Each structure stands twice: as structure tokens, then as C-alpha cells.
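I opened this entry to record what I looked up on strand pairing and on the contacts between chains. The notes follow the order in which I consulted the model.

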Amino acid sequence: MAGLDVGYLAAYAISFASVAAVAFAVVYFSRRWSVSLGPARIWGLGRDEARRLKTGDPVFLMHLSIALGVGLTIADAVLAPAMGMAPLLLAAFRVASVPLAAGLAVAFGWRVQRYFQSRRVGREVHVTEGFASASKTLQIVLMAAIALTTSELVLLWFPALGWADLLLDAARNSLVAGYYARPSINLFAKFDRPLASLRTPFNLADVMAGKTDPEAIKVGVGKVSDFTADQSLSFDSCVEIGACEAACPATAAGRPLSPRVLVRKVSLLSRAGRESDPFTSVAEDELWSCTSCGACVASCPVGVKHLDVIYDLRRELVSKGKLDKEKSGMLANLAQSQNPYGFKNSTRAGWAEGLGIDTLAANPKAEYLYWVGCVSSFDQRAQRIAKALAKILKSAGVSFAILGGEEMCVGDPARRLGEEGRYQELALQNIEKLNSYGVKKIIATCPHCFNALKNEYPQFGAKFDVVYHTQLISDLIRDGKVSVPREKVQNISVTLHDACYASRYNSVFDQPREALAASVHDLREMGRRKEKTFCCGAGGSNYWFNVPHRRSIAGIRAEEAARTGAKTIATECPFCLSMFDDATKVTNSGMDVRDVAEIVAECI
Amino acid sequence: MKIAVCVKHAVDEAELRLDTEGRPVLAGAAGKMSTFDKNAVEEGLRLKSAHQGEVVVFVVGAAESKKTLKEALAMGADRGVFVAADPLVIDALRTASMLAAAIRRSGPYDVVICSEGSSDTYTGQVPPMLGELLGVAYVGYARKIEVTGGSARVERSLEDSVEAVETSVPFAVSVVSEINEPRYPTLVQIMQASKKPIEELNGGEIAPPGTISGVEVVSMSSQPSTRKHVMIEGGPDEAAAKLLDALSREGVLK
Amino acid sequence: MSGDVWVYSESEGVSAEVASAAQDVARGASAEVRVVDIGSPRQGIRGSGVRLLLKGPSGPDVSPAVAAEALARAAKDLSPVAVLLGATRDGREAASRLAAKLGVGCMAEVVKLASDGQGVTGERNVYAGKVVAKTRCQFPAVVTVKTGAYPRAEALPERTQEVEVGQVSDRSKVVGREKKAAGGVDLRSAKVIVSAGRGVKKREDLSMLEDLAVTMHGALGCSRPLSADLGWLPEEHHIGLTGVTVKPDLYLAIGISGQLQHVAGMKDSKIVASINTDKDAPIFQASDYCIVGDLYQVVPALRRALSARR
């Protein structure tokens, strides 16, 4: 390359300045939000990205292509004058450019497809014209960034057009500095915040101890400035990739929610003014549509925490008393009867009558406490899960007891609905009761109870070793404590529906499959499985109220299950069981629905 | 607009226990704000938000009743009046006379709101009695209340008809549950409401008992609450006939 | 005490039942039953030898306020031992007002009335029907009688005695009245509910159940799949946890399996009868009367049997 003509030098200078702008933006945002860019964080992020790639989600492959493509072209631009002298490096860059360009082309295709999808979604979710045009602009800008990067990779093969490459680079870098620096910092700052973590605006124990003045407590978000700086960073990082929307069961069901639209609405509002009322653009049903399945958060390549918006705005609605009778009735039941149904709580051990199951009061030395949960306590169908687990534990000689009438709702329905105070009250009462019996190990058959006991209660002083029933059952089978005789293995075809709060929230997905593999001949898989499972529609307190939809979430999933050709849907959550019991009646697929524990118990 | 709302701390029938002889254990029984009283409080709050003013909540009962008063305050009422009396002894007329006395002391009020009846004993007598004792217009079973200046238009929900009634302020009214969806007070709001003022009165002092004995409860016994689970056998026509016989014996066939 | 037992002739059906109850009280108190008309005589309600007509209030409709005032004025002169009214919404209001005006006790929604000559005793359901309370009130007493608890009284030969009570005014004025929509589902106040579940195979088949509901003077409800998932019925028909909570006298569950989601919305019904093909359906655990059978055979049979009885 003829090194020293003025035009080329100018192009290089412009490109170099744009690289500096990118570097400046990254440093600026990392300082602004006090994000460490140290080697340990970088290593951690790398490992996390590798873990996400392993889920096989194409979005992460595209994400990686974009990140590496941008990195490679920046390196190429910076090193451009020296490239002529380093033929090996150039060759390496050219080799790398091929898969990256392919990845970028796919990403471009994805964006085009999401662009048209988002127009369809825009008709089902309440959006203003202003929103639609801002959204369109952002999507086109980022399509341009991807197109520019792809072109740069192609130009690696045409040294004669080096100056053009540099100008493209400068254009692209200015887009990166403007649009990608913040998401990168957000991802960097948040990649290790677990899905199960919820903002806790106050601690009830402190209020009761007089350490916090109840007047000073602010629950919920009534204006955008009430969001924390971290949350604002997260929402402003959205670049409308649309992975959340593609994964969202509410959007798929035609409910008035798209996590992409919701986050962007909040982000645009905060630009309109720090005092903006989020409810001027966010509708109530938009918030109630969320099943808290976490697919949006898990699928976002830039680490946006959509659920934070949902919970904070739901909390605001609860504080303002904007609840219909189903929601307020459920909360009133929790307050009055300590279970969401409003049944007399002392009768919750009715299912255990005559089964020789001890309460902790009768047998305080039991090794495990079996935390039954409200559904398996009161719902006649779900009681069979509890009975099945009891049968398995007894046959394995595991020492266990239940709390009986002393168990209260774990609080999850209150918390997901946005009534943090009632949740914490239940949590504190349950923890006190469990501690009074010196409980160390807990088994749960409801993933919502499991998640609360395992991940949330420690924040309020709990120290329990919590195991999910499918984990324990699989361990008991592996250790030979539960034996399934060959002739008892069931000759049925089964597909497992992973419960969000077990699989996506807590990475429990191999053990239920092991337990099923030992109990049935034919185990089939749905496309969306394990941490990529698709919600049954009951989570996020949705079991307790209705949201308008085009079709039911459970119905979508039941059809997916039917397509495997399996005759049985295996569930691991009493809510999923109930949802599919209804859904299979509607689809007339003739599939039956049973918990993993029931299937195993039938074999012993 | 000055609005009085009367509430009751009712026995929580879901948690009611029976003694060995099948009698309900009322001493120390779990209580709650009577279900429809939430609608009464809600309607008071709605009238306040439309007309400004103050919502004062009244309760007659044992000390636990203050819990219900606090719930109403957490919903948004401004202050409470607690009238101490033994709920197991007083009948509807005594309750109404205590409420009337307490309301007169802190009145006058433009509107006095009750619910149509309590969720535990459901006599539905206190609201009309209160209207009589206060000497104001009374409209029962309201499903809609509109106040304009000195007059009000109320829709009464009767068994098979809806009656529109015009009345004048001040008036007393009882509301049915379909009138609104009561708001749910959060736990934090209940804690925050603990700072709102509650005046304490003694029912026997503000409304001395007269000579009438009123209605007394002679005895209470439980009804079998479990389902009968009678399996009706036979072909369709035979089973249908047997079912109808059984239902008319139960007195539930119109 | 030698006063009479009064029955206010508020409306034809109810007051004829109240007249039966009054005969029980009169027997124990060695008193006579008097049907009391206000303003103008009502047709069809009989049960006493002498009938009182309170003259003064005019107009076709007598509001509870006017009824209470007229009855109070007459009662002060004639000292009845007891005044009985039907426990309708208007009847309950009139009774409560009357008791407050007279300063006497008032028994609400009573069944099994009796008298020992000094007062009235009666039973009533409290605490959501879990408990029966036996209550007593000294003469003079005001009583409302639960509707449907007594048969209609037989007609007796009557002569009418007029009583002048003067003009009675009401602070409130009725300015409009309309029937609640006949097929309108006010499930919460329906006495009989016929409820459809997924055992109903086609949307068109719902008309069969609707017919049954109409024949039984009831309303049609359904379980969640029919409204929320299939959209066969509007949401206000949906009974259950995420729908309406109902407490009818009779709940007839047809083709409903009985998930807790549904049962939570109807568990406080007085009597539950259910029809299901699956003998293990959980709904039978929540039922008083259970028919294991095909709803497509049993429902038409019920229709036939009902029309044969009427």
C-alpha cells in the first residue's frame, strides 16, 4: 500500500479518533457507574459468555460475532499502516473474518426479522407513534452498525480500498461509541447478578425493631427518577435486539406485553424528564402480563434486567391500591389465612392423614423438613405430588417431617405481585418457625417455594440447606436407595416440562431427567427445554388472576409437548401441573400430566 | 364533605373453631374487618376524593376491633373512633345506638356509610337502625352513590330490580359489594397508618342501656359442614328423579 | 299479653310464607294473626280472620321508610306482641327501622319460630352457615322470616278493619325502577347456579345447560377453561379463584372435574350436586349429591323430570 498519501493519512486520523472516542466512552461509562474493568471481571465475563454460548441460543453466537467483529476491525484499523509489514497477522485477520462475517450476516438477518416482528408486536402492545419512530430509528442505526462492520470485514480482502475501510470504521465506531458502550458496561457490571435476585427496598425486621421509620419507606416507582442509577443504566442499555421479545411467553400469547417495548418505554421516558410518571406510557395489564419466567433477562445479550421494571411498577400499583378483586382477594387471603386460597390454614395437612407422616412437632429430630407448599396442601390433584414424594422418601428410609398447620405460604405470590411487606412478614414468620425447630435441611416440591427458601430467605437471616425434590429423588435412585425394578419401568412416552423457577432460576434440569430416565422407557425432549424452557403461564403470581390474551400460554406449551408425540407431560411444579391439566382438556390432545415424583412413585 | 364510615371487627368464619360439644368458640376467635365493610370504607374514600373533606371510621367492639380500625386507616381514612363494648352481649339495636351516640359527638356528618350486613352474623339491621336513630334520610343496599351539592342520587340493588332514589344530604346509606372494588392496604401502609389518631370511647357511657332486653342468643350449635357425598345410582331418568327429590327435600329447588 | 301477631303484606309470595310463621308464634302466644296492609289492600295474601288496613299512606309503592313509620304509629295504638316481615331487602330495612322507632328487639332472617307466651324464639344461620344460633326476644318483638323457610299459608275468610295512621312522608323519593336483566348473570346473588365444565364438548351444547338453568330459575356459570381458554362464555360467568366467588343455595356442577381453582369459587354453596363421567373426579369430594354419568343423558333427563313436576 502506498503509505503516505494525504487522503489515506486523513482517513487514518479520522478512524483513530473514532477509536479513541470508543475508548473514551467505555472509560467514561465505567467511571460513571463505578464499574471495574479489571482482569478478574474480564475473565469472569468471558466465562459467563462461554456458559451462555453453551445453551446453544443463536442470539449469543450473534452477540459474540458482533463483539469479535467490532474488536477485529478496530484492531485492523489501528494497525492499518503496519499491516503491510505483517502478512501473517493480516492472513490471520482474514481467516477470522470469514466466520465473523457469517455471524454478522446472520445477526443482520435476525435484526431485519425482529424489525418486522416488532411492527406486529407494536399493534398488540400499547405504543405511541413517538415510541414507534424512536424504536424504528434505533433498530435501523444498529442494523447499520452491523452492516458497516460486515463491510469492513469484507474489505480486509481488498487492500486497495484501505482508505474506504478506515472511513467505514470511523462511521461504525461513532455508532459504537454512541450506542454500544453503555450496553457493554451494563453487561460487564451485571453479568453475575443472579436471575433470582430482587431489589429489596426495605427490611421489615428493621421496621418492626424501630430501626426504620415506616414513613420513610418508599416501595415502588412513581416517577422515573425513583429507579436506581443501576436500573437506569440497565434500561438505557437496550438496543432493541429483541431477544427478550422472541423468548417472552406473554408476547407469544398475544398479551399486551413485550419486554423490549417496556424497557424502551421507560428509557425514553427518563429522557423526557426525570420526573415523568411511568404510567403515562406503561399500561397496568402490560405489567400484570409478566409471568416472571425470566426468559427475557436470560436471553438479553447486554444484561438488561427487565424484571426490575416489572416488579417496581407492580409495587407502585399495589401501593396505589390499583388491584382488581382477584389480586386484592389473594393478598387479603394471605393476610388473613396465610394461604392464597383463603382456606383455614390449620387444615393444610389434611392430605397427610392416615399416611403415617409426622409433623415436626411430633418428630423434631427428622433429618429433612418437607416444605409442602400451598398448592400441594390444598389442591386435591396436587396433593398426589405430596403423597408420591412421601412414598418415595419412606421407601428410601429418609427421615422427614412436615410442619402441618404451622406452615404458611412462602410468600412468593405476594412478592411477585408487588406486595413486598406481606412477603417479608410471611418470610420472617416462616423463618422463625423453622428456626424454632432447628431445621437444617428442607425438601420442596414447588419451585417457587424452593427458590424463596433457597435464594431469598437467606437475605432475612435464614440458613437452610434446600434441595429440590427432583434432585433428591435422582440422588436416591443413583445411590440405590430407591430402586426401580426393571419390570416396573413404565412403558410410556414422556416429555419433561422444565419449571422456570427450577431450571432457569436454579439450574436444576439434569436430575429430573435422570429420575425419569430410570422410570420410563421413552423420554422425549421439546425444543425449548432446560434453562431455555417456556413458561406454563402461572408464574409471577399469574395463577391468581387473568390477563387478556390471544391464546393461553399453557396452550402453546401443551401443543409443543404434544408435537413430541409423547403421551405424558411430566411436570415438576404443582402450578405447571394445574395449568397443563386445564390446557390438555382444551387442546384435546389426550395427554396426561403427572409430576416427576408421581411417575417415580408408581415404579416402586 | 364529612363522611362517617361504620365498620365491624367480625369473627373470621373461616378460622372459627368448635368446642367438643360443637359450639363455636367465640372468646378469642380470630377476627377480621367484616368483608363488605371494605366496600363501605372504599366508598367513603371515593366520595372524599370527589368532594374533598374527611373520612372518619367508627367501630364498636372489643379491643381487638382497633385492628380493623387501623386497616381502614391504612386504606386511607383520616381518623378513627373506637367504642368499647362487649360484642357477644350487645344486639343490633344497642350497637346502632352506640354508633349513633359516637357519630353525634363528632358530627355532624354529611354522609354515614355502612355495609349491608356483617360477614359473621349478617343481620343487616344496624344500618337502618342507625339511620332512624340519627334522624336522617336512609337508603339501603346502594350499588351507586352520586352526591351533587345538597342532594344525592342512589341506586338500590334489590332482589330482582334496581331502584333509583333521590335523597338529601345529610343521609345514611348501606352499600352492597357490587358498588366498588375495595383497595388492599399494604403491610407498609398499615404500619404507616399507626400514627393516625384514634379516639377511644366507652359504649356504656355514651349510650346508656335502656330497659329493653333486646335479642339474646340462647344457644349455638354447629351444622355439619362437610359434604354429604351421596352417590345417586340408576339410569339417567331414575338418577334425575332421585336428584330432584333430594334437592326438594333440602329446600333448594325453587 | 293479649296483642296480635302482625304480618306486613309486603309482597304476595313472601308474605304468605310469613303468615305461616306467624301462625306458629300466635299458637304459642295464644294470639291472633293479623295481616296488615298499608295504603291499599293487597291481593292474594291471606291468613287471618281480621285484616288491618292502615289508611294514610298513598300511592302504589310503599317504601320501607313509609312502611316502618305507618306500622310504628299503628303499633303504638294497638300493641301487637310481634310484627313479622319477610326477610327481603326491603322487608329487612322496614323491620330494622320499625324496631328502632319502637325501641324493641329485632330478630333477623329467622326460621323455626315459636313462642312461649312471653317472647319469640327462632333459629338463624350465622358464621357463613356453619353455626345455628337459637335466639330469643321478649314481646313486643319485630321479626324477619327467612324467605323459603315456610310454606305459604292457606287462605282464610277475612274481614277488613281500617286503621287511620295519617300521612307518612319519606325523605327519599323513588325516581326510577328497572328489572334486573332476566338472563343477566348476577352469579353472586343467584340462588341456583348451573355450571358447565369441560365435559361439555361443543359450544352449541351450552344451550342445553342454559335451558336447564332457566327452568330452575338459576344462572349459568362455568369453569375457567370455558371462558378464559375457549371463550365460549364471557368472563363474568367464570366461577373460581380467578373468577367470581358464589354462594348459591344450589350449585349444580355439570361436567366439571373440580380443580381447586374452580372449587375455591363455589365451596361455600349450601348444596352442591354434580354430574361427571369420572367417578374419581375431585368435584365429587366437594359435592352433596353425585351422579356418575354422561351429562348428555342426565341433563335432558333432568329437564324432562323438571317439566313433569311443574
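Entry 1, a strand pair in chain B. I began with strand S5 (residues 79-84) of chain B, which is joined to S11(B) by five bridges, the two strands running parallel. I noted the model as a predicted one. For a residue-level reference within this pair I took Ala84(B), which stands opposite Asn202(B) in S11(B).

Entry 2, the helix over these strands. I then looked up helix H2 (residues 65-75) of chain B. H2 lies across strand S1 (2-7), strand S4 (54-61), S5 and S11 of chain B. Relative to S4(B), I recorded that H2 runs at about 165 degrees.

Entry 3, the whole sheet. I asked in what order the strands of the open sheet follow one another. I wrote down S11(B)-S5(B)-S4(B)-S1(B)-S6(B)-S10(B)-S7(B)-S8(B)-S9(B)-S10(C), which makes 10 strands with mixed pairing. At the edges I found strand S11 (198-202) of chain B and S10 of chain C; each has a single partner strand, so one side of each is left without a neighbour in the sheet. I also noted the twist, which averages 30 degrees from one strand to the next.

Entry 4, the pairing across chains. I next examined how S9(B) is joined to strand S10 (residues 173-179) of chain C. I recorded six bridges between them, and the strands run antiparallel. Here I marked Ala164(B), whose position is opposite Gly176(C) in S10(C).

Entry 5, chain B against chain C. I looked up the contact and found 66 residues of chain B touching 68 residues of chain C. On the chain B side, I listed the elements that each supply at least two residues, among them helix H3 (92-106), helix H4 (126-134), strand S7 (137-148) and strand S9 (161-168). Which element of chain B gives the most to this side? I found H7(B), with 10 residues. I entered the composition of the chain B side as 34 nonpolar, 18 polar and 14 charged residues.

Entry 6, chain A against chain C. I recorded 16 residues from chain A and 14 residues from chain C in this contact. Helix H17 (380-395) and helix H25 (574-587) of chain A each supply at least two residues of the chain A side. I noted H25(A) as giving the most, with five residues. I closed the entry with the composition of the chain A side, which divides into five nonpolar, five polar and six charged residues.

Note on methods:
Residues numbered from 1 in each chain as written. Chains lettered and ligands numbered in written order. Predicted model: local features only at pLDDT ≥ 70, side-chain atom pairs only at ≥ 80, totals over all residues. Contact = placed C-beta atoms within 7 Å. Helix = DSSP H or I, 4+ residues; strand = E, 2+ residues; numbered from the N terminus. Nonpolar A, V, L, I, M, F, W, Y, C, P; charged D, E, K, R; others polar. Pairing = 2+ DSSP bridges. Axes fitted to C-alpha atoms, helices over the stretch in contact; angles between N-to-C directions.
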